Amino acid sequence: MDFYQSPKQISAFDAKFEAQKIAFAPITFQVARCLLKFNLLAQIEAKPGSSRPQLASLVELSDYGVGVLLDMALSMGLVWQDDQGFHLDKIGHFLLHDEMSRVNLNFNHDVCYQGMFELDKALENGEASGLKVFGDWQTIYPGLSQLPPAAKQSWFEFDHFYSDHAFGTVMPLIFKAKPKTLVDIGGNTGKWALACTRYDTDVEVTIMDLPGQLKVAMENAKDKGLSERIHGFECDLLKADTPFFKGGDLYWMSQFLDCFSEEQILTILKLAAANMASHSELCILETFWDRQPCEAGAYCVNATSLYFTAMANGNSRMYHSKDLLKLISSAGLYVDEDIDNIGLGHTLLRCRRKP
């Protein structure tokens, strides 16, 4: 990673402009969302050179509404204008067609936007102060199955988008030792467990999670006719006396430990180490901001940390790899293999108990 290690090469004039972009960021975000919602970018792409009145006749907005959106779209570099009319620019193209941009935008609008107003209180109190826009939960996890439909869909699309891109690369790595029992810690909807049973027809998977998530995962397993190979193990890893599945061949944590504070991570890893057999391994798949192959990845990962601060639990984040490696060692584990550049910037850590 060679970014963030020297001052940005930018003029004072351009730096001041960038500061204004930050100051107006909530407005530009909503402008981008409305340009997509009302199909303005799509219409400009389909009919380049269209005038403002022509575009207003094609979408469900007044000439005034189209005008204020397009004026800001010009300033944002989403479109450009000549004597004929409007044309889609490169940034607008990616906003319209790039799946990552769509997933991130929907997640931030449906899950984060309203609650992020409480970020200052979350930082002061160490609590997910913005979560109150959805319900009276201490963390978002017990409430995932109860979120409004749009928020629930955007949350799971965000979660699955980043994890799913790693599946193809990571499956052969996970199954090279041919585990017979795989323990999916924090399995959510069971998507990973289902993928494992498709990849290896002999493996049995136990999902460890909260009751609400387990209910959904078990229903999905039943729908696929896999109830005999996918099992549920109810637990709450924030409770010191929670049960923990013992003696599995392979324990799996994907985008899981970033949901906890460092103190909680150490407790969870110690629990795992205490319940692993001598032959067991723990595989951790995470997105570390310092291991990203490009600056755009680090930007997204660091921004996601603030979701955890304001909306998820108030005390977790996307970690620097060195911080997690220290916790792994302190828990009585060592990293047997460390593999970067999986999927969209994941790292796989294969861990075993120290002798």
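Helices (H or I, at least four residues) and strands (E, at least two) are DSSP runs, numbered from the N terminus. The views show a predicted model, in which local features need pLDDT of at least 70 and side-chain atom pairs count only at pLDDT 80 or more, while totals for chains, interfaces and linings use all residues. Residues are numbered from 1 along each chain as its sequence is written, and side-chain values use heavy atoms, with hydrogens and water left out.

**View A. Lining of the second largest pocket, to which helix 7 gives the largest share, five residues.** A pocket is an open set of points, on a 1 Å grid over the protein atoms alone, where a 1.4 Å probe fits, with protein on both sides within 12 Å along at least five of seven lines; lining residues have an atom within 4 Å of a point. The volume, which is the space filled by probe spheres set on the points, is about 200 Å³ for this pocket. Among the lining residues are Arg 33, Lys 37, Leu 96, His 97, Arg 102 and Asp 110. Two or more residues come from each of helix 2 (25–37), helix 6 (90–97) and helix 7 (99–112).

**View B. The largest nonpolar core, of 56 residues.** Such a core is a set of buried Ala, Val, Leu, Ile, Met, Phe, Trp, Tyr and Cys residues joined through side-chain atoms within 4.5 Å; buried means under 20% relative accessible area, with a 1.4 Å probe and protein chains only. Met 253, Leu 269, Ile 284 and Tyr 307 have the most contacts inside this core. Beyond its neighbours within four places in sequence, Ile 284 is in contact (heavy atoms within 4.5 Å) with residues including Met 253, Leu 269, Leu 324 and Cys 351. Apart from the largest core lies another, of 28 residues, among them Val 170, Ala 193, Val 205 and Ile 342.

**View C. Surroundings of Arg 350 in strand 9 (residues 346–353).** Arg 350 counts as buried because its relative accessibility is 4%. Its contacts, neighbours within four places in sequence aside, include Leu 173, Lys 176, Glu 281, Tyr 334, Asp 336 and Glu 337. The C-alpha atoms of Arg 350 and Ile 339 are 8.6 Å apart, with these positions eleven residues apart along the chain counted as their separation.

**View D. Helix 13 (residues 295–312) and its packing partners.** Helix 13 has 18 residues and reaches 25 Å from first to last C-alpha, close to the expected 26 Å. Its buried residues, including Val 301, Tyr 307 and Phe 308, pack against helix 7, helix 8 (119–125) and helix 9 (149–174). Just after helix 13, Gly 314 takes a positive phi of about 90°.

Methods:
Buried < 20%, exposed > 50% of the residue type's maximum accessible area, 1.4 Å probe, protein only. Expected span 1.5 Å × (residues − 1).
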